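Grab a pencil and work through a few exercises with me. Each one sets a task, and a worked solution follows step by step.

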Amino acid sequence: MRIDLGPVTRIEGHLNVQTTVENNVVVDARCMGEMFRGFEVILQGRDPLDAQQITQRICGVCPYAHAIASSYAQEHAYGLTVPKNGRIFHNLIQGANHLYDYLLHFYQLSALDFVDVTAVLQYGGRDAELLKLKSWVQSELASGKPFPAAPFLPRISGNYIKDKDLNIGALKHYLDAMEIQKKANRAAAIFGGKFPHSTAIFPGGSTQEARIDHIVSYQSIIQEVRDFYHNVYIPDLVAVAQGFPEYWNIGASKGGFMSYGLLPLTSSLDSERLFASGVLLDGKISPVDFQMITEDVAFSKYSSGSGLKVKNSELVPAPHKEKAYSWTKAPRYGGQMLEVGPAARIMVDYTQRHNQQVKALVEKFAGIANITANQLNSVLGRHLCRAISGVVIADFLLDETEKIDHGQPTMAEIEIPRSGEGYGATEASRGALLHYIKIEDYKIDRYACVVPTTWNASPRDDKGNPGAMESALIGTRVANPEEQLESLRIVHSFDPCIACSVH
Ligand code: NFE
């Protein structure tokens, strides 16, 4: 039986997942990115300093990650010496964006795969927000509309949480989380300008000044966001994990893992980072080598360029190409399929015992859930690794604010060379993000982005091997092949962003 899960909702962009189900098991899955954008073409011939502005428009969720990756690539190409404040400001902006993004993903994009929103109809308390939600759901259901109470209903049928109080508590946090997300974005905006699409992030730093009033405002907001992570998000995550422990064993991808490392500890271009970089293949770590990354297009809607390295990448759309089923390319590392994202970031760091806070948190939660570190490669593992990332980032950001040199420069002097090239790699919320810039005659000659969801939502490669999400779906047992709540939970655990993946 062939079932399309698309258009998949509570993700960013246009994704279909075509599944084949036999005897209630998914035996094949194809991830289809259903849009074309062409940012790499748009960038050709432009002023290099346009790149960190234009690439932010790839996405409204992770624009800062694109600005940072582009800034790093340009810093390499220009040979910039970045002032200490400049690097700290980059970290403060990008880190706050991660804190926003994990809450958005858990509460708005994933929680309703587990939480029964209709429980609000039984609410008998006095909380004004919940009463408002209850009366709105009641009036929607009585309205006779074809789709009442959207976006909560209709929904896929399945095994949602049964405990009324747990459901109602989670719904309250669903509403509270939106306020906290707003605050995290406000913190990022103190140094980064408005959200989304910062005007202040530049190669070499930020155009904002190092002022004590800004620093104090940032600290107080991040402290509040941090408290929400500890007091609300983590307990909710543990409750979901206790209600659905089988999801430690569902949704494992079948390749390796990669992280570029996140948040440099010094202003040096090749600084050690808060989270380690590395490629984890067959239990062994090796350093990331950008020359090992190629992109296949046998099943992607591009006419040429299969197997090319990032610096030579091509983008010629071919919407009607035979066998092609996605606008997403298929990146591979030395021919190997890799998962990127929070689980990859934490597994790469933990395997190297790099960040002691990561190690302690992994071991604490593995103890609570009675799992091994390898089970981070699962639906619940991806959720847990987002929360671990957030807790570690929040503490780091508060430390960073203490290191700012008040009144000192926050930006390098920029001089664009006639020619040059550079790679910029960071961890976006969804994983490993790489930008490449080549400059000729003071203009962008070539620009390439290899984006987290390009790895995770990759279609088959030239050898016919599946991408990470496809591999995680294949073999999944589903109670109802027509609806597949299990598959949806797997897809959501990757937090796909198709706008990013096709760029
Ligand atoms: Ni459009 Fe993006 C992806 C992230 S890349 S959300 O995939 O995170 O910066």
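Before we start, one term: a polar contact is a pair of N or O atoms within 3.5 Å. Also keep in mind that this is a predicted model.

**Exercise 1. Find which polar atoms of the protein lie close enough to the ligand's oxygen atoms to count as polar contacts.**

Step 1. Begin with His66: an N or O atom in its side chain is 3.2 Å from an oxygen atom of the ligand. That is within the 3.5 Å cut-off.

Step 2. Go on to Arg430, where a polar side-chain atom lies 2.8 Å from an oxygen atom of the ligand.

Step 3. Now check Ser429. Here a polar backbone atom is involved, 3.3 Å from an oxygen atom of the ligand.

Step 4. Zoom out to the surroundings. The ligand sits in the second largest cavity. Helix 3 and helix 11 (452–456) are the elements that give two or more residues to the shell around the ligand. That shell has 13 residues, and the closest are Cys59, Cys62, Thr453, Cys497 and Cys500.

**Exercise 2. Work out the geometry of the site of the nickel atom of the ligand.**

Step 1. List the protein donors: Cys59, Cys497 and Cys500 each offer their SG atom, at 2.2 to 2.4 Å from the nickel atom.

Step 2. Look at how these donors are spread along the chain: their spacing is C-x437-C-x2-C.

Step 3. Check the angles. The nickel site has 4 donor atoms, with angles of 100 to 114 degrees among them. Four donors count as tetrahedral if all angles lie between 85 and 135 degrees, and the nickel site is indeed tetrahedral.

**Exercise 3. Do the same for the iron atom of the ligand, and say which residue coordinates both metals.**

Step 1. The protein donors of the iron atom are Cys62 (SG) and Cys500 (SG), at 2.5 to 2.7 Å.

Step 2. Among the 4 donor atoms of the iron site, the angles run from 78 to 164 degrees, and the site is irregular.

Step 3. Place the two cysteines. Cys62 is in the loop between helix 2 (51–54) and helix 3 (63–78), while Cys500 is in helix 14 (residues 498–502). They are 438 residues apart, so the pair links distant parts of the chain.

Step 4. Name the bridge: Cys500 coordinates both the nickel atom and the iron atom, which are 3.2 Å apart.

**Exercise 4. Decide whether Cys62 and Cys500 are buried or exposed.**

Step 1. Recall the cut-off: buried means under 20% relative accessible area.

Step 2. Cys62 has a relative accessible area of 4%, so it is buried.

Step 3. Cys500 comes in at 3%, so it is buried too. Cys497 is also buried.

**Exercise 5. Use the burial rule on other parts of the chain.**

Step 1. Take helix 8 (residues 342–351): 9 of its 10 residues are buried, so it is mostly covered. Among them are Pro342, Arg345, Asp349 and Tyr350. After helix 8 comes Arg353, with a positive phi near 50 degrees.

Step 2. Try Asp28, which lies in strand 3 (residues 25–33). Its relative accessible area is 18%, so Asp28 is buried. Its side chain makes a polar contact of 2.5 Å with the side chain of Arg460.

Step 3. Finish with Leu434 in strand 14 (residues 431–440). Leu434 counts as buried because its relative accessibility is 0%.

Terms used:
Residues numbered from 1 in each chain as written. Predicted model: local features only at pLDDT ≥ 70, side-chain atom pairs only at ≥ 80, totals over all residues. Heavy atoms only, no water. Donors = N, O, S within 2.8 Å, 3.2 Å for Na, K, Ca; no water. Tetrahedral: all angles 85-135°; square planar, octahedral: opposite > 155°, others 65-115°. Buried < 20%, exposed > 50% of the residue type's maximum accessible area, 1.4 Å probe, protein only. Helix = DSSP H or I, 4+ residues; strand = E, 2+ residues; numbered from the N terminus. Near = heavy atom within 4 Å. Polar contact = N/O pair within 3.5 Å; in protein donor to acceptor, adjacent residues only side chain to side chain. 1 Å grid on protein atoms, 1.4 Å probe; cavity = no way out; pocket = protein on both sides within 12 Å on 5 of 7 lines; lining within 4 Å. Sits in = over half its atoms within 2 Å of the grid points.
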